[in-house]
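Biologist: Could you take one part of this model and look at it closely for me, starting from a single side chain and working outwards to the elements around it?

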Amino acid sequence: MSRQLDGHRVAVLAADGVEQSELVETREAIEAAGGTTELLSIRPGEIQAYRADVHVADRFVVDLVVGRADVDEYDGLILPGGTLNPDRLRLDDHAVAFVRHFLHVGKPVGAIGHAPWLLVEAGAVTGRTLTSWPSLRTDIVNAGGIHVNEKVVVDRNLVTSRGPADLPGFCAAMVGKLTQHPEPIGRY
């Protein structure tokens with residue numbers, strides 16, 4: 001087993017309605033590479049995951065409310081999708097500010113499926129090339145981004161993917177992007 005992310009802490013920002021596979025498989029990939037993940041959300045307690053937006057799946061314990069999180073404590077950020085999840089997150093000022101700050105300081109950010117709605121809300125897609133769930137194409141283009149229909153797109157510190165079918169490529173790209181970060185940061 002590769003330990004290339006030893007010492008790396010990755011925030012995973014999600015809310016009720018998150019696509020379970022995008023939450024679980026990304027966390028497993030980071031942890032299999034030796035990193036740790038923390039689930040952040042807009043409220044304490046648990047979040048409800050779904051499969052394909054309509055099938056109730058598992059509940060997950062929130063580690064920290066995003067309004068109390070510090071970008072400097074993390075090496076990267078993952079934004080799983082699901083239609084309801086990013087729609088809820090983009091209405092929360094703390095969640096949007098957290099995403100904006102991550103992108104501003106150049107740390108790796110991964111967004112899957114509908115999660116680029118958060119990137120649009122954070123004003124972070126202008127001039128960037130990214131992919132997403134197909135229905136977000138117009139939103140991304142209207143926000144000044146370049147939308148392409150590819151499994152995974154890496155544009156500087158941003159890694160994007162279309163959805164659950166593309167998770168193997170997304171996870172590999174995100175782990176690779178995190179290993180390019182010069183040194184892990186955060187608490188030890």
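Modeller: I will start from Leu-119, bearing in mind that this is a predicted model. Leaving aside residues up to four places away in sequence, Leu-119 touches Leu-79, Val-99, Leu-103, Val-109, Ala-111, Ala-124, Val-125, Leu-130, Leu-158 and Thr-160. In the largest nonpolar core, which has 31 residues, Leu-119 is among the members that touch the most others, together with Leu-13, Leu-77, Leu-79, Phe-98 and Val-99. The elements giving two or more residues to this core are β1, β7, α3, β8 and α4, the last of which spans 116-121, and the greatest contribution comes from α3, with six residues. Apart from this core lies another, of 25 residues, which includes Ala-33, Ala-57, Val-159 and Cys-171. In soluble globular proteins, nonpolar side chains tend to be buried together.

Turning to the strands, seven of them make up an open sheet of mixed pairing, in the order β6-β3-β1-β7-β8-β12-β11, and its edges are β6 (64-65) and β11 (152-155), each of which pairs on one side only. Within this sheet, β8 (residues 109-112) runs parallel to β12 (residues 158-161) and is joined to it by four bridges, and Val-159 in β12 is the bridge partner of Gly-110. Two helices pack on the sheet: α1 (residues 20-32) touches β1, β3, β7 and β8, its direction making about 150 degrees with that of β3, whereas α3 (residues 93-105) touches β1, β3, β7, β8 and β12, with a direction at about 130 degrees to that of β7.

Notes:
Residues are numbered from 1 along each chain as its sequence is written. This is a predicted model: local features need pLDDT of at least 70, side-chain atom pairs count only at pLDDT 80 or more; totals for chains, interfaces and linings use all residues. Side-chain values use heavy atoms; hydrogens and water are left out. Two strands pair if DSSP finds at least two bridges between them. Contact means heavy atoms within 4.5 Å. Axes are lines fitted to C-alpha atoms, for helices over the stretch in contact, and angles run from 0 to 180 degrees between N-to-C directions. A nonpolar core is a set of buried Ala, Val, Leu, Ile, Met, Phe, Trp, Tyr and Cys residues joined through side-chain atoms within 4.5 Å. Buried means under 20% relative accessible area, exposed over 50%, partly exposed in between (1.4 Å probe, protein chains only).
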